Amino acid sequence: MKFDVDKDGYYGSFGGAYIPEMLYPNVEELRSKYLSIIQTSDFVEEFQSLLKSYVGRPTPLYLAKRLSEKYQASIYLKREDLCHTGAHKINNTIGQILLAKRLGKQKIIAETGAGQHGVATATVCALMGMECIVYMGKHDMERQRPNVERMRILGTTVVPALSGSMTLKDATNEAMRHWINNPTDTHYIIGSVVGPHPYPDMVARFQSVISEEIKNQLLTEIGNPFPDYVLACVGGGSNAAGAFYHFLNDEHVHLIGVEAGGHGVDSGESAATTALGKPGILHGSKTLLMQTVDGQVVEPYSISAGLDYPGIGPLHAHLFETGRVEFMSVTDDEAMVAGIELSRTEGIIPAIETAHAVAALAKLPLEREDCVVINLSGRGDKDLETYIRWGKY
Ligand SMILES: *Cc1c(COP(=O)(O)O)cnc(C)c1O
């Protein structure tokens with residue numbers, strides 16, 4: 001397929017595996033084995049069975065009537081917020097832990113930003129009885145306290161990352177360092193479509209269940225599997241990759257990725273990677289990232305910890321460059337207003353990451369007959385403190 005990764009792990013000019021030599025055996029083991037393992041019937045059966053009975057899939061595709069009335073179009077919400085643990089992240093962690101088991105690994109490490117990927121990883125480690133360490137920026141630990149405690153309750157050790165802005169990128173650096181020092185018995189569960197090949201492709205495949213279900217559900221609901229628009233927020237890009245995956249070759253479906261504009265794209269405080277980024281190497285792949293003229297990574301900023309990342313996955317960099325996906329950015333304030341609006345019109349309090357995708361509705365040239373799917377990546381429970389501090393409701 002046109003947007004598939006090539007045999008060297010590239011999407012156009014982005015991707016690859018730019019890793020220290022000491023990480024090579026780990027990544028090479030994964031690269032040479034992941035496809036054959038995840039395509040066995042034994043793997044597929046166990047994955048699908050857990051997605052159904054443990055995660056709660058298929059998640060509903062819900063026609064949001066009051067929101068549709070307001071925006072004068074048919075708006076459907078893909079309810080990933082109803083997944084076990086409250087976000088789409090668990091689709092990927094279930095897939096990766098099943099893979100880790102088949103690779104004979106005994107220990108799991110992960111990085112986390114908002115804490116959702118950490119919780120999803122801690123959850124599957126408890127489920128499979130595996131030891132788990134999660135790296136998390138100290139700043140994120142403070143603003144996502146409930147998720148830190150959830151991980152601890154689940155039996156995971158949470159290690160604070162103390163460098164840089166003490167957020168997601170710093171936690172990722174720490175996790176990579178740990179993996180280098182523990183190459184044989186440990187699998188690193190990366191939480192988004194980022195990192196060296198084969199991670200972006202592997203994570204996109206695990207998340208692609210989202211668009212597979214959207215297609216089937218729309219076909220049943222309206223007799224046509226193709227919406228006019230699919231909207232998803234983009235941190236690293238895993239929920240967006242999952243929501244776009246099976247529509248990539250259907251060029252009549254408009255795919256919209258929504259980035260965090262923070263205090264404004266030109267404010268110096270944002271995480272709007274496609275608007276501001278240049279090609280460079282981040283966390284093992286060539287992609288777009290926010291950097292200074294001399295190539296230093298710029299500290300990202302967003303009110304939502306899950307979007308607070310200076311890069312995007314290489315697939316998205318390619319989709320941006322080829323124009324297949326249109327990227328927009330939404331500011332903190334616009335996202336918060338949209339989060340309250342969704343709460344009041346549909347009775348659904350979204351994660352603040354997700355609220356960015358909802359806020360993009362107002363920026364689309366919608367017509368009455370348009371069918372729009374918003375990927376509702378997660379629920380807002382973890383963000384109550386941020387909603388309370390923002391206060392305007
Ligand atoms: C982690 C997270 C995101 C951002 O990550 P992606 O890999 O871009 O999907 C978005 N929404 C929620 C609810 C999250 O937990």
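This report walks through the domains, cores and empty spaces of a predicted model.

## Two domains side by side

Let's start with the overall layout. The domain assignment splits the protein into domain 1 (18-50 + 89-203) and domain 2 (56-86 + 207-390). If you take the C-alpha centres of domain 1 and domain 2, they sit 22 Å apart. As for how the domains meet, 33 residues of domain 1 are in contact with 34 residues of domain 2.

## The nonpolar cores

Next, the inside of the protein. The largest nonpolar core is made of 88 residues, and L99 and F244 are the ones with the most contacts inside it. Both domains take part in this core: domain 1 (18-50 + 89-203) and domain 2 (56-86 + 207-390) each supply at least three residues. There is also another core, apart from that one, with 31 residues, including L67, A73, A335 and L342.

F244 is a good residue to click on. Setting aside its neighbours within four places in sequence, F244 is in contact with S211, V230, A232, L255, I256, G257, H316 and V325.

## The largest pocket

Now for the open spaces. The largest pocket offers about 460 Å³ of space. Its lining is built from 18 residues, and F47, Q48, R205, V209 and E212 lie nearest the centre of the pocket. Three helices, α2 (41-55), α9 (199-207) and α10 (209-222), are the elements that give two or more residues to this lining. The largest share comes from α2, with six residues. Sorted by class, the pocket lining has nine nonpolar, four polar and five charged residues.

Where does the largest pocket lie relative to domain 1 and domain 2? Domain 1 (18-50 + 89-203) and domain 2 (56-86 + 207-390) both give residues to the lining, so the pocket lies between them.

## Closed cavities

Besides open pockets, the structure holds three cavities of 30 Å³ or more. The largest cavity has a volume of about 360 Å³. Around it are 33 lining residues, with K89, G191, S192, G236 and G306 nearest the centre of the cavity. The elements that give two or more residues to this lining are β5 (107-112), α5 (116-128), α8 (168-181), α11 (238-244) and α15 (352-359). By class, the lining of the largest cavity counts nine nonpolar, 19 polar and five charged residues. Here too both domains chip in, with at least three lining residues from each of domain 1 (18-50 + 89-203) and domain 2 (56-86 + 207-390).

The second largest cavity has a volume of about 80 Å³. The residues around this one are M1, F3, D4, V5, Y11, D201, A204, Y245, L248, N249 and L315. They divide into eight nonpolar, one polar and two charged.

## Helix α13, mostly under cover

One helix is worth a look of its own. Helix α13 (residues 314-321) is mostly covered, with six of its eight residues buried. Which residues of α13 are buried? They are P314, L315, H316, A317, H318 and L319. Two of these names have come up already: L315 helps line the second largest cavity, and H316 is in contact with F244.

What do the buried residues of α13 pack against? Their partners are β1 (10-11), β2 (14-15), α9, α11, β12 (285-289) and β13 (325-331). Just after α13 comes G323, which takes a positive phi of about 80 degrees.

Key: Residues numbered from 1 in each chain as written. Predicted model: local features only at pLDDT ≥ 70, side-chain atom pairs only at ≥ 80, totals over all residues. Heavy atoms only, no water. Core = buried A, V, L, I, M, F, W, Y, C linked by side-chain atoms within 4.5 Å. Buried < 20%, exposed > 50% of the residue type's maximum accessible area, 1.4 Å probe, protein only. Domains from an automatic or database assignment. Contact = heavy atoms within 4.5 Å. 1 Å grid on protein atoms, 1.4 Å probe; cavity = no way out; pocket = protein on both sides within 12 Å on 5 of 7 lines; lining within 4 Å. Points joined across faces, edges and corners; volume = space filled by probe spheres on them. Helix = DSSP H or I, 4+ residues; strand = E, 2+ residues; numbered from the N terminus. Nonpolar A, V, L, I, M, F, W, Y, C, P; charged D, E, K, R; others polar.
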